[in-house]
Amino acid sequence: MLGAVVSPAAQDYLSPLPPGAPIVKGRASIQKFLQGLLDAGATQVKLRTTKVDAAGDLAYGRGAYSFSLPAGEGSTRQEVGKFVVVYRRRAGAWRAVADI
């Protein structure tokens with residue numbers, strides 16, 4: 001499942017910057033990071049892009065995310081935040097180069 005989310009191109013271009021954690025580099029590390037969220041019980045994952053803009057070979061998308069995690073004793077806590085993804089066009093294709 002995560003192989004479809006993290007394409008082979010992610011190995012060269014994408015480096016998520018999760019809060020309170022080191023930069024995640026490379027396809028295997030990104031898959032491990034995302035799998036860790038799922039293994040921790042993340043559910044109700046939502047990503048909502050609110051703005052996209054481009055100039056030349058650079059573009060960005062901005063938005064918000066939320067997901068639920070178990071909080072013990074049958075309760076859950078909601079994690080919410082914002083994101084910016086920067087893209088660069090290379091060889092005619094848009095590739096994510098930063099995910100903050």
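Hi everyone, let me start with one residue, E73, which counts as exposed because its relative accessibility is 87%. The backbone here deserves a look too: E73 is not a glycine, and still has a positive phi of about 50°. You will find E73 in the loop between β2, residues 58-72, and β3. For context, most residues other than glycine have a negative phi. And before I go on, please keep in mind that this is a predicted model.

There is another residue to mention alongside E73. Q44 is also a residue other than glycine with a positive phi, near 50°. Where does Q44 sit? Its place is in strand β1, which covers residues 43-55. Q44 has a relative accessibility of 54%, so Q44 counts as exposed; the cut-off for that class is over 50%.

Now let me step back to the whole chain. We have three helices and four strands. In what order do they come? Reading along the sequence, you meet α-α-α-β-β-β-β. The protein chain has 100 residues, and 24% of them are buried. As for the surface, the chain exposes about 6800 Å², with carbon and sulfur atoms supplying 55% of that area. On contacts, take those between residues at least 6 apart in sequence: 39% of these join residues at least 24 apart.

Next, the aromatics. How many aromatic pairs does a search of the whole structure find? Just one. The partners are Y65 and F67, with ring centres 6.1 Å apart and planes at 15°, so this pair is stacked. The angle settles that label, because planes under 30 degrees apart count as stacked. Are the two partners buried or exposed? F67 is buried, at a relative accessible area of 13%, while Y65 counts as partly exposed at 23%. The cut-off for buried is under 20%, which is why Y65 falls in the partly exposed class.

Last stop, the surface again. L17, I23, V84 and I100 together make a nonpolar patch of about 310 Å². Let me pick out one member, V84, which is found in strand β3, residues 75-90. V84 has a relative accessible area of 31%, so it is partly exposed. Residues in a patch need over 30% relative accessible area, and V84 has 31%.

So, to recap the places to look at: the positive phi values at Q44 and E73, the stacked rings of Y65 and F67, and the nonpolar patch with V84 in it. Thanks for listening, everyone!

Methods:
Residues numbered from 1 in each chain as written. Predicted model: local features only at pLDDT ≥ 70, side-chain atom pairs only at ≥ 80, totals over all residues. Heavy atoms only, no water. Patch = residues over 30% accessible without salt bridge, like charges linked within 9 Å, V, L, I, M, F, W, Y side chains within 5 Å. Areas by Shrake-Rupley, 256 points an atom, 1.4 Å probe, with all protein chains shown as cover. Salt bridge = Lys/Arg side-chain N within 4 Å of Asp/Glu carboxyl O. Helix = DSSP H or I, 4+ residues; strand = E, 2+ residues; numbered from the N terminus. Buried < 20%, exposed > 50% of the residue type's maximum accessible area, 1.4 Å probe, protein only. Contact = heavy atoms within 4.5 Å. Phe/Tyr/Trp six-rings, centres within 6.5 Å; stacked < 30°, edge-to-face > 60°.
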